[in-house]
Amino acid sequence: NDSRYCMEGLCAMHGINELKENIRQMCVIKYYPTKYVEYINEINDNCNYKNVETCWKEIAEKVGIDTNKIEECAKGEGIEMAREDKRLNEIYGVLGSPTIFINDVEYYGGRSPEDFKLAICSSFISEPPECSQVLSTTSAAPSGSC
């Protein structure tokens with residue numbers, strides 16, 4: 001485990017800063033789920049894996065996230081969530097990102113909201129009314145581009 005890429009038995013492809021941000025994002029999802037999309041959009045627009053350690057706090061504060069809470073989470077609970085994520089990756093044989101599972105089956109379809117909705121709704125015996133709503137057919141990112 002190279003310390004440039006790993007800590008606490010966890011590693012990230014682009015280095016330790018990416019790993020730390022991944023853990024913070026798990027904490028943001030847990031404690032600020034309604035602010036996560038805004039946070040991640042700002043991070044993607046203003047930071048990268050090289051400078052995220054110096055820019056994440058300002059973004060978190062801007063979107064209404066308590067940075068002390070996230071830092072505390074990232075020291076313990078966040079690491080445990082990342083270990084659980086690693087354990088699940090090993091169980092499911094995940095080797096790359098993004099990898100998506102729907103009802104324990106790896107999903108290989110399109111990446112638009114409508115594609116995901118159709119895949120999820122196809123598993124219902126009696127589809128809920130939300131399945132009749134048409135969503136965007138524009139993909140946020142092509143498969144394998146992350």
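# A tour of helix contacts and one pocket

Start by selecting α4 together with helix α5 (residues 77-92): their axes lie 3 Å apart, and the two helices pack at an angle of about 55°. α4 and α5 are therefore oblique to each other. Now show the side chains where they touch. On the α4 side you will find C73, A74 and K75, and on the α5 side E77, G78, I79 and M81. Colour these by class and you get 4 nonpolar, 1 polar and 2 charged residues. One thing to keep in mind as you go: this is a predicted model.

Next, zoom out to the whole chain. The C-alpha trace spans about 45 × 35 × 25 Å along its principal axes. A cartoon view gives you 6 helices and 4 strands. Following the sequence from its start, the elements come in the order β-β-α-α-α-α-α-β-β-α.

Now select helix α2 (residues 36-46) and α3. Their axes come within 10 Å and cross at roughly 140°. That angle makes α2 oblique to α3, since only angles over 145 degrees count as roughly antiparallel. Turn the view to look through the pair, and the crossing is right-handed. Which residues of α2 and α3 meet here? From α2, pick Y39, E42, I43 and N46; from α3, pick V52, C55, W56, I59, A60 and K62. By class, this contact holds 7 nonpolar, 1 polar and 2 charged residues.

Keep α3 on screen and swap α2 for α1. Here the axes are 10 Å apart and the packing angle is about 25°. This makes α1 roughly parallel to α3, because the cut-off for that description is an angle under 35 degrees. Select N17, K20, E21 and R24 in α1, then V52, E53 and W56 in α3, to see where the two helices meet. Colouring by class gives 2 nonpolar, 1 polar and 4 charged residues for the contact of α1 with α3. V52 and W56 may look familiar: these α3 residues also belong to the contact with α2.

The last stop is the second largest pocket, with a volume of about 180 Å³. Select M7, K20, I23, R24, E53, W56, E71, A74, K75 and I79 to show the residues that line it. Which helices each supply at least two residues of this lining? They are α1 (16-31), α3 (52-62) and α4 (67-75). Several lining residues were on screen earlier. K20, R24, E53 and W56 take part in the contact of α1 with α3, while A74, K75 and I79 take part in the contact of α4 with α5. Finish by colouring the lining by class: 5 residues are nonpolar, 5 are charged, and no polar ones appear.

Terms used
Residues numbered from 1 in each chain as written. Predicted model: local features only at pLDDT ≥ 70, side-chain atom pairs only at ≥ 80, totals over all residues. Heavy atoms only, no water. 1 Å grid on protein atoms, 1.4 Å probe; cavity = no way out; pocket = protein on both sides within 12 Å on 5 of 7 lines; lining within 4 Å. Points joined across faces, edges and corners; volume = space filled by probe spheres on them. Nonpolar A, V, L, I, M, F, W, Y, C, P; charged D, E, K, R; others polar. Axes fitted to C-alpha atoms, helices over the stretch in contact; angles between N-to-C directions. Parallel < 35°, antiparallel > 145°, perpendicular 65-115°, else oblique. Left-handed = near helix turned anticlockwise from the far one by under 90°. Contact = heavy atoms within 4.5 Å.
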